[in-house]
Amino acid sequence: MEASPQLAIHAPLAPAEPAGRVFVGDLAEGDRVAGAFAVRERSRMSRRNGDDFLKLVVADRTGSVEAVAWEDVDALFELSAPGSVVIVEGPFSVHPQYGAKITIRTLRTAADGEYDAADLTESSPVAPELLEADLRALIATVQKPQLQALLDRFFAPDSRIWKRYRSAPAAKYYHQAYAHGLLDHSLSVAQAVGTAAAVFPGIDRDVAITGALLHDIGKTQAYNDDPLAIDLTDAGKLIGEIPLGYYLVRREMERIEGFEPELAKSVLHIILSHHGTHANGSPVIPATREATLVHAMDNLGGRLGSFDRVERELPAGESWSRFDRALDGSAYFGPRD
């Protein structure tokens with residue numbers, strides 16, 4: 001008999017005891033999970049014996065965790081599209097080699113009254129209103145009129161691009177992967193660039209800050225606007241965030257009468273080179289002080305953002321994380337309660 005499209009049960013479980021919600025960041029070895037999660041990723045995998053199994057990445061506001069189902073794969077696959085909210089029940093365990101995992105015993109679509117959407121999405125630790133105020137204060141320090149005009153085209157309160165920039169994520173997973181994440185990340189990079197420009201000689205602060213604020217502007221088109229399942233758009237997959245950003249900025253430069261060619265090249269070079277190497281997706285390598293500085297601060301901001309993500313997901317009492325791809329190693333946080 002086919003599994004019900006609303007509920008698939010693999011093994012009987014004892015009735016759930018009434019309890020408050022347990023978030024991903026609070027799960028410990030042996031816990032029984034029973035709650036609502038947003039589905040971030042879904043894939044059908046093959047076991048050594050040829051049978052399929054379902055692998056999900058489910059998340060709440062404290063982090064994400066892998067969840068696997070070994071049975072009723074077809075039915076559960078249909079119920080767990082990325083962006084959906086599901087009720088997952090099953091044991092949680094931490095394998096020394098394969099990491100944390102929920103083994104799904106039951107999974108069904110969550111009804112509207114069974115979860116609070118705020119519990120399922122990460123958010124910036126700083127309110128977006130404060131981020132915006134800091135952004136506008138930083139823009140006010142830029143002295144070159146043409147760069148002021150360029151920034152106004154992107155960040156004026158009535159700008160269509162600004163509205164998307166303010167809400168877009170900075171990444172799919174590794175750092176600032178939440179609404180307002182792009183604003184959070186770009187502002188911190190630009191603030192760090194502005195501070196460093198006062199320490200290292202020979203840097204054009206206006207160019208560096210402008211490039212820092214615009215270096216990830218292509219992400220306004222490269223990522224979707226679903227906070228439950230951040231993913232690349234068709235444009236993000238087919239073109240990429242760096243080319244998208246280059247064309248967005250160059251188009252606005254060309255609309256500003258008499259925009260200086262050398263100034264344009266300086267800012268566009270920052271956008272094209274901010275990933276640092278060809279292997280990391282940059283069409284060109286940083287070749288100016290300003291581009292080198294923005295790349296360094298962008299890389300630093302991303303890595304420190306990964307520390308924030310890893311710490312949120314670290315079980316209570318643990319000092320070391322497991323291996324993290326973004327950090328290319330484990331992270332140490334010292335003694336923790």
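Okay, a definition before anything else: two strands count as paired if DSSP finds at least two bridges between them. Hold on to that, since I'll be talking about strands that face each other. With that in hand, Arg44 stands opposite Leu54 in strand S3. One caution too: what we're looking at is a predicted model.

Let me stay with those two strands. S2 covers residues 32–46 and pairs with S5 in the antiparallel sense through seven bridges. On its other partner, S3, which is residues 52–60, S2 is also antiparallel, and there we get eight bridges. S2 and S3 make a hairpin, with five residues between them. Have a look at Gly50 in that turn, where phi is positive, about 95°.

Now, what does Arg44 do with its side chain? Arg44 forms a salt bridge with Asp52, and the closest N and O atoms are 3.8 Å apart. The cut-off for a salt bridge here is within 4 Å, so this pair does count. How covered up are the two of them? Arg44 has 35% relative accessibility, so we call Arg44 partly exposed. Asp52 is partly exposed as well, at 29%.

Let's walk along to S5. This strand takes in residues 85–95 and pairs with S2, and in that pairing Gly35 stands opposite Val88 in S5. S5 also has four bridges to S6, again antiparallel. One pair you can pick out there is Val94 with Ala100 as its bridge partner in S6. And S5 and S6 form a hairpin, this time with three residues between them.

So what about S6 itself: how many of its five residues are buried? Five of the five, across residues 99–103, so S6 is largely enclosed by the rest of the structure. Buried, for us, means under 20% relative accessible area. S6 also has S4 as a partner, and S4 is residues 63–69. Those two run parallel, joined by three bridges. If you want a residue pair to click on, try Ala67, whose bridge partner in S6 is Ile102.

A general point while we're on strands: in a regular strand the side chains alternate between the two faces of the sheet.

Okay, zooming out. The protein has eleven helices and seven strands. There are 337 residues, and buried ones make up 48% of them. The C-alpha trace spans about 70 × 45 × 40 Å along its principal axes. Take the contacts between residues at least 6 apart in sequence: 59% of those join residues at least 24 apart. As for the surface, the protein exposes about 17,000 Å², and carbon and sulfur atoms supply 53% of that.

On to charge. I count 34 positive and 48 negative side chains, and the centres of the two sets lie 4 Å apart. Side chains of opposite charge can pair when their charged atoms come close. In this model the count comes to 17 salt bridges.

You've met one of them already, so here are two from the helices. Arg136 forms a salt bridge with Glu132, with closest N and O atoms 3.2 Å apart. Both sit in helix H2, residues 128–139, and being four residues apart they are separated by about one helical turn. Arg136 is partly exposed, at 27% relative accessibility. This pair also belongs to a network of salt bridges, which links Glu129, Glu132, Arg136 and Arg166.

The other one is in helix H10, residues 261–273. Glu262 and Lys265 meet there in a salt bridge, 2.8 Å from N to O. They are three residues apart, which again puts about one helical turn between them. Buried or exposed, those two? Glu262 is exposed, and so is Lys265.

Last stop is Ser330, in the segment after helix H11, which is residues 289–313. Ser330 is partly exposed, with a relative accessible area of 40%. What does Ser330 touch, leaving out residues up to four places away in sequence? That would be Trp320, Ser321, Arg322 and Phe323. And if you want a feel for distance, Ser330 and Ala38 are 292 residues apart in sequence and 26 Å apart in space, C-alpha to C-alpha.

If you open the model afterwards, start at S6, with its five of five buried residues, and step out to S5 and its four bridges. That's everything from me, thanks.

Conventions:
Residues are numbered from 1 along each chain as its sequence is written. This is a predicted model: local features need pLDDT of at least 70, side-chain atom pairs count only at pLDDT 80 or more; totals for chains, interfaces and linings use all residues. Side-chain values use heavy atoms; hydrogens and water are left out. Buried means under 20% relative accessible area, exposed over 50%, partly exposed in between (1.4 Å probe, protein chains only). Contact means heavy atoms within 4.5 Å. Accessible areas come from the Shrake-Rupley method with a 1.4 Å probe; for residues, only the protein chains shown count as cover. Lys and Arg count as positive and Asp and Glu as negative; His and the chain ends are not counted. The place of a charge is taken as NZ of Lys, CZ of Arg, CG of Asp or CD of Glu.
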